Amino acid sequence: LLNLSRPNAAEQSERTVVDLNVVIADVLSLLEHQFEKGSVKVRRELSPEPVLVIGFEFKLQQVFLNLFLNARDAMASGGWLTIATRADGLEVVAEVADTGNGIAPEHLARIYDPFFTTKAMGQGTGLGLSITYGIVREHEATIQCDSTPGAGTRFEIRFAACPEQARADDPSARASQGGH
């Protein structure tokens with residue numbers, strides 16, 4: 001919790017190799033109790049291999065914290081939160097999906113706007129997804145949202161894979177390394 005709230009100066013200024021699986025596990029451990037209280041079940045479909053990107057770990061924690069909290073809020077009477085990671089060629093993909101109330105089509109285009117919220121007065125600032133979008137763009141990644149009212153919402157974030165990740169996932173690179 002302290003790492004999330006007060007990152008040290010080196011973490012703030014230097015991009016490092018970050019394993020998204022570790023970031024997700026850290027954030028989930030912070031929210032386990034809230035999920036249990038809210039009858040939110042978590043399905044982890046994380047890549048068995050490290051999912052490496054170049055970035056700021058504390059900012060990536062903020063991205064997943066915002067997405068997980070929004071999912072929890074969308075499932076007032078409980079539901080499923082599914083988190084998946086995978087390597088996809090030269091990209092790394094993280095998906096966060098919930099079985100909540102979804103987002104109306106007329107609101108979907110505005111979800112990243114600062115101060116836009118569909119939550120009741122006093123329930124949200126409308127900054128979570130705006131901040132998330134800014135951090136994702138800062139990492140030269142993309143975020144896409146698909147939502148069906150009454151059925152849930154899915155966010156997909158695509159990052160450039162860390163060079164080590166891209167090599168590990170490329171069969172031709174493995175073959176040229178003597179099959180290792």
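# Helix α6, the sheet and Arg158

Student: Which residues of helix α6 are buried?
Tutor: Helices (H or I, at least four residues) and strands (E, at least two) are DSSP runs numbered from the N terminus. Buried means under 20% relative accessible area, with exposed over 50% and partly exposed in between (1.4 Å probe, protein chains only). Within α6, residues 128-138, the buried residues are Leu129, Ser130, Thr132, Ile135 and Val136.

Student: Which elements are included in what covers those buried residues of α6?
Tutor: Contact means heavy atoms within 4.5 Å. The cover over the buried residues of α6 includes α4, β6 and β7.

Student: What pLDDT does the chain have on average?
Tutor: This is a predicted model, in which local features need pLDDT of at least 70 and side-chain atom pairs count only at pLDDT 80 or more, while totals for chains, interfaces and linings use all residues. Residues are numbered from 1 along each chain as its sequence is written, and side-chain values use heavy atoms, leaving out hydrogens and water. pLDDT is the predictor's confidence in each residue, from 0 to 100. In this chain 77% of the residues reach 70 or more, and the mean is 84.

Student: Over which residues, besides 1-6, is the pLDDT below 50?
Tutor: Residues 1-6 stay under 50, with 8 contacts beyond four places in sequence. Where pLDDT is low, the predicted coordinates should not be read in detail. Another stretch below 50, with 6 contacts beyond near neighbours in sequence, is residues 172-180.

Student: Which strands stand at the edges of the sheet?
Tutor: Two strands pair if DSSP finds at least two bridges between them. The open sheet has 5 strands with mixed pairing, in the order β2-β4-β5-β7-β6. Two of them have a single partner strand each, so one side of each is left without a neighbour in the sheet: these are β2 (40-45) and β6 (142-148).

Student: What angle does helix α4 make with β5?
Tutor: Axes are lines fitted to C-alpha atoms, for helices over the stretch in contact, and angles run from 0 to 180 degrees between N-to-C directions. Helix α3 (residues 20-37) lies across β2, β4, β5 and β7, at about 165 degrees to β2. Helix α4 (residues 57-74) also touches β2, β4, β5 and β7, and its direction makes with that of β5 an angle of about 25 degrees.

Student: Which acidic side chain makes a polar contact with Arg158 at 2.6 Å?
Tutor: A polar contact is a pair of N or O atoms within 3.5 Å; within protein, one must be able to donate a hydrogen and the other to accept it, and residues adjacent in sequence count only if both atoms are side-chain atoms. Arg158 sits in strand β7, and its side chain makes a polar contact with that of Asp88 at 3.1 Å. Asp88 stands opposite Glu91 in β5. The partner of the Arg158 side chain at 2.6 Å is Glu91.

Student: Is Arg158 buried or exposed?
Tutor: Arg158 touches, among others, Arg86, Val92 and Thr142. Its relative accessibility is 19%, so Arg158 counts as buried.

Student: Which residue has its backbone nitrogen 2.9 Å from a polar side-chain atom of Thr85?
Tutor: Thr85 is in strand β4 and is buried, at 5% relative accessible area. Residues touching Thr85 include Asn21, Ile24 and Val93. The backbone nitrogen at 2.9 Å belongs to Ser47.
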